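Okay, thanks for squeezing me in. Let me put the structure up and then walk you through a couple of spots.

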Amino acid sequence: MFFKDIPGQQAVKKRLINSVNEARISHAQLFLGPEGSGSLALALAYAQYISCLEKLPDDSCGKCSSCTKYQKLIHPDLHFSYPFISKGSAETAVNYIKEWRNAIAENPFMGIEQWMEYLDAENKQPNINIAECHAIIQKLVLKSFEAEYKIILIWLPEYLGAAGNSLLKLIEEPPAKTLFILIAENYEQILATILSRTQLIKIPKLADEELKAYLIDNGCPQEKAGRIAYLANGNIAAAQQLLAEDDDDLESLFIQWFRLCYGRKGVEINDWIEQVANARFGRENQKSLLRFGLQVVRDCLMVNLDQTSIIKFESKHFELNKLANTINFENAPLIIKGFEQAVYHIERNANPKIMFLDLSIQMMRNLQLKNVNSQLTINE
Ligand SMILES: [Zn+2]
């Protein structure tokens with residue numbers, strides 16, 4: 001993995017590269033960034049750079065014997081740990097290394113859901129078990145084979161559970177020339193004992209502009225890139241999914257729901273919920289759907305304010321003017337608040353069926369609200 005293939009994150013890249021060139025590499029680092037921010041890819045690029053034999057000022061050479069092995073993720077001094085579904089208590093991450101290499105080769109920006117699809121996990125809960133912790137300890141007592149540093153990447157240490165405590169001593173005092181890089185998404189879910197022993201590297205979510213530029217570089221037309229960047233909300237994996245799936249579907253799906261709620265069609269709303277509230281549709285799509293909804297409601301208000309020049313979406317699927325008739329200054333704040341809360345709940349693993357049912361009931365009620373004050377009053 002090269003730094004140059006990762007969108008945005010200039011400040012983080014610079015900090016990591018400097019730490020190598022100034023020989024200030026901390027032995028235990030925690031890369032903390034939201035899903036799709038590129039944190040795993042950054043950790044891989046960083047590890048490859050540390051081990052590269054012919055470093056360039058701002059990236060690995062890509063040609064030396066170390067880089068060649070790194071690019072296939074087969075370097076003997078590079079180790080991985082990640083959540084998996086263990087079929088027995090003795091299984092460790094290495095049982096799934098082939099799937100892991102394939103998954104990263106295909107998408108180094110993947111999130112846990114995409115990884116679980118690779119493992120055909122269905123609804124089973126992944127974890128990093130005690131056998132895997134013991135395997136990590138065993139790997140690290142060996143000396144490195146070829147490189148100066150032995151590097152272990154632990155992806156999503158949130159899944160370590162109490163088993164992680166067996167690693168503490170190693171993280172605190174690793175053998176010489178051993179680096180721990182932990183790549184996490186949720187600060188609150190990591191063992192406090194691990195947090196206190198690692199150097200924190202914060203990785204922000206990508207800015208819309210950075211994500212847009214990345215999509216355009218990858219051949220996406222400008223207008224579509226802007227729309228997808230907005231919907232993906234800084235998540236590279238979500239943007240890729242939207243790109244692959246034809247995001248027009250998301251628009252039609254949202255408009256269909258909007259109309260069903262307006263018509264108070266309970267049975268059809270239930271069918272609609274069945275379509276979106278399942279693992280196949282996925283959390284990222286559910287969030288994108290709601291973000292699209294937020295933009296539609298805001299655009300409807302702009303229509304009502306005669307500010308059509310700043311409308312974000314020009315859709316072929318619907319006429320904004322018609323929808324705008326049902327959105328007013330009474331119901332818009334309630335609808336927006338409902339959508340924002342729903343995104344919040346999805347991120348915290350709420351049951352999507354209950355969540356969308358609740359949201360549909362709110363929406364039916366809110367769309368019946370009439371505007372009491374036809375004038376928008378400011379400073380009140
Ligand atoms: Zn190299």
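Let's start with alanine 23, which is exposed because just 6 other C-beta atoms lie within 10 Å. For the cut-offs: exposed means 12 or fewer other C-beta atoms within 10 Å of a residue's own, buried means 20 or more, partly exposed is in between, and C-beta atoms are placed from the backbone. Before I go on, this is a predicted model, so local features need pLDDT of at least 70, side-chain atom pairs count only at pLDDT 80 or more, and totals for chains, interfaces and linings use all residues. Numbering runs from 1 along each chain as its sequence is written.

Back to alanine 23: its phi is positive, about 50 degrees, although it isn't a glycine. It sits in the loop between helix H1 (10-21) and E1. Helices (H or I, at least four residues) and strands (E, at least two) are DSSP runs, numbered from the N terminus.

Asparagine 233 is another non-glycine with a positive phi of about 50 degrees. You'll find it in the loop between helix H10 (222-232) and helix H11 (236-245). Asparagine 233 has 19 C-beta neighbours inside 10 Å, so it counts as partly exposed.

Now the sheet. It's open, 5 strands, ordered E2-E3-E4-E1-E5, with parallel pairing; two strands pair if DSSP finds at least two bridges between them. E2 (78-81) and E5 (199-202) are the edge strands, each with a single partner, so one side of each has no neighbour in the sheet. Further in, E1 (residues 28-32) and E4 (residues 178-184) run parallel, joined by 5 bridges. One of the residues involved is alanine 28, whose bridge partner in E4 is phenylalanine 180.
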